[in-house]
Amino acid sequence: MLRVHKIHLEPNNMQATGLARAAGCARFAWNWGLAWWQSEYAKYKAGQRDTTPGQFEARRVLNSVKRDEFPWMLESTKCAPQEALINLGRAFENFFQKRAKYPRFKKRGVRDSFKLSSGQFAVTENRLRVPNVGWIMMSEIPRFTGAIKAVTVSRRGGQWFAALTIDTVEPQQLPVTGRTVGVDVGVREFATHNGELFATPRALRKAERKLKRAQQSLSRKQKDSANRAKARRRVARIHAKVADTRGDWLHKLTAHLVGDYDSIAIEDLNVRGMVRSRHLAKSVSEAAFFEFRRQLEYKTALAGRRLVVADRWFASSRTCSSCGVKTKQRMALTVREWTCERCGVGHHRDVNAAINLDHLNTPGVPRYQPVESSPPLPAGACAGRQASSVKQEPDSNLTNTVA
Ligand SMILES: [Zn+2]
């Protein structure tokens, strides 16, 4: 099984220049290839050539002209332009298969990267050898054992990283626990059906506030000024910091969930409740949600666990987890607790949603308590019943799943 381990690189100044040069070659080759492709395709359309252009031909043409026209390319690894054109071929294939948009020209400094195929690099312990650059220190040693098939070197927020694709032996599946979990993803915290709440860490909120201020500062800078370029680098750096902090927190959370539960139920992209939030809050929580789901998808697959994704219209917050009635009104985000009008049970908004999601782990098991035609209980009776309904859920759940 192929797994990727992305490791921070610690190049010295000369090495960083060499990496930037190789990434520049890759970008140039991509842009050159895209322009070539477009003109060759126009010739095909006009009947001046019999076949459509392809990446093999693009590589051959670039190789034949590079020595004379782009001699500076010889200073970097030949892998960088070659792999860029292979990627371009893949991008066109994805476009023709309607999986992606038409390939676009790349800009300097935006997702700078280049790829090294096997045989073009070496890894020993915590060092990576890049042709024409030399041995570069890595911050960690690779996490997986096995043959390293390819390395993609990229720059983000002013830092360099190497993504190692490693062909590792199938990891062991985790033992069955007999437990399931429903997780409600909120803007500021994640809730599970048994009442656990995972708040976003303080460091993340702090970094997000810092990012917001840096973005505002950037928008005030004059176009094409040196100060604007500086502010842009600062935003990129804080952006990377936010993504790392969020990723770290989510990795711990998803590892815990995958370790403890056989089946995990989550919502599809959480659009409810985001309508009211401001633009930045929306993008921030969406990013967290996508990263959460991405991690759960591959971790459940690796561990032999199950991931259940509710359909987009599943009314997890508005359904009473005790009697199953759906309230008609949409609840404002500020409403944290509510009482069911039919059965009188009080609910914590997010925990109730998580309980409803957990029900999806074991379809066919009757969950909701039927209500006799008695008048609704007075509101005061809810406080006690809320606690018990929340606490009992995991146990009843356990017996249901084992049976
Ligand atoms: Zn109810």
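1. Strand 1 and strand 5 (residues 134-138) pair in this predicted model. The sense is antiparallel, and two bridges hold the record of that pairing. Look at Leu9 to find the spot: Leu9 stands opposite Met138 in strand 5.

2. Strand 1 (residues 2-10) also pairs with strand 7. Here the count is seven bridges, again in the antiparallel sense. Ile7 is a good residue to click on. Its bridge partner in strand 7 is Ala162.

3. Now step from strand 7 (residues 159-167) to strand 6. Nine bridges join these two strands, and they run antiparallel. Which residue of strand 7 does Val153 stand opposite? The residue is Ala162. Ala162 is also the bridge partner of Ile7. So trace Ala162 with care: one bridge goes to Ile7, and Val153 stands opposite Ala162 as well.

4. Strand 6 (residues 147-156) is joined to strand 2 by five bridges. The two strands run antiparallel. One pair to check is Leu116 with Val151, its bridge partner in strand 6.

5. Is strand 2 (residues 113-117) mostly covered or mostly open? Strand 2 is mostly covered, with four of its five residues buried.

6. Put the pairs together. Seven strands form an open sheet, in the order 2-6-7-1-5-4-3, with antiparallel pairing. Strand 2 and strand 3 are the edge strands, and each pairs on one side only. From one strand to the next, the twist averages 30 degrees. A reminder for newcomers: strands of a sheet pair through backbone hydrogen bonds, either parallel or antiparallel.

7. Check the loop between strand 3 (122-124) and strand 4 (127-130), where Glu125 is found. Glu125 is not a glycine, yet its phi is positive, about 50 degrees. Is Glu125 buried or exposed? Glu125 has 7 other C-beta atoms within 10 Å, so it is exposed.

8. Asp224 deserves a similar look. This residue lies in the loop between helix 4 (202-220) and helix 5 (226-260). Asp224 has a positive phi, near 60 degrees, and is a residue other than glycine. Asp224 counts as exposed because 7 other C-beta atoms lie within 10 Å.

9. Turn to the helices. The axes of helix 1 (residues 13-45) and helix 3 (residues 79-96) come within 8 Å. They cross at roughly 40 degrees. Why are the two helices called oblique? An angle of roughly 40 degrees is not under 35 degrees, nor in the range 65 to 115, nor over 145, and therefore helix 1 and helix 3 are oblique to each other. The crossing is right-handed.

10. Which residues make the contact of helix 1 with helix 3? From helix 1 come Ala22, Cys25, Ala26, Ala29, Trp30, Gly33 and Leu34. From helix 3 come Ala80, Pro81, Glu83, Ala84, Leu85 and Leu88. By type, eleven of these residues are nonpolar, one is polar and one is charged.

11. Last, the whole chain. The secondary structure comes to eight helices and 14 strands. The protein chain has 403 residues, and 30% of them count as buried. Take the contacts with a separation of 6 or more: 71% of them are accounted for by residues 24 or more positions apart.

Definitions and conventions. Residues numbered from 1 in each chain as written. Predicted model: local features only at pLDDT ≥ 70, side-chain atom pairs only at ≥ 80, totals over all residues. Buried ≥ 20, exposed ≤ 12 C-beta atoms within 10 Å, placed from the backbone. Pairing = 2+ DSSP bridges. Contact = placed C-beta atoms within 7 Å. Axes fitted to C-alpha atoms, helices over the stretch in contact; angles between N-to-C directions. Left-handed = near helix turned anticlockwise from the far one by under 90°. Nonpolar A, V, L, I, M, F, W, Y, C, P; charged D, E, K, R; others polar.
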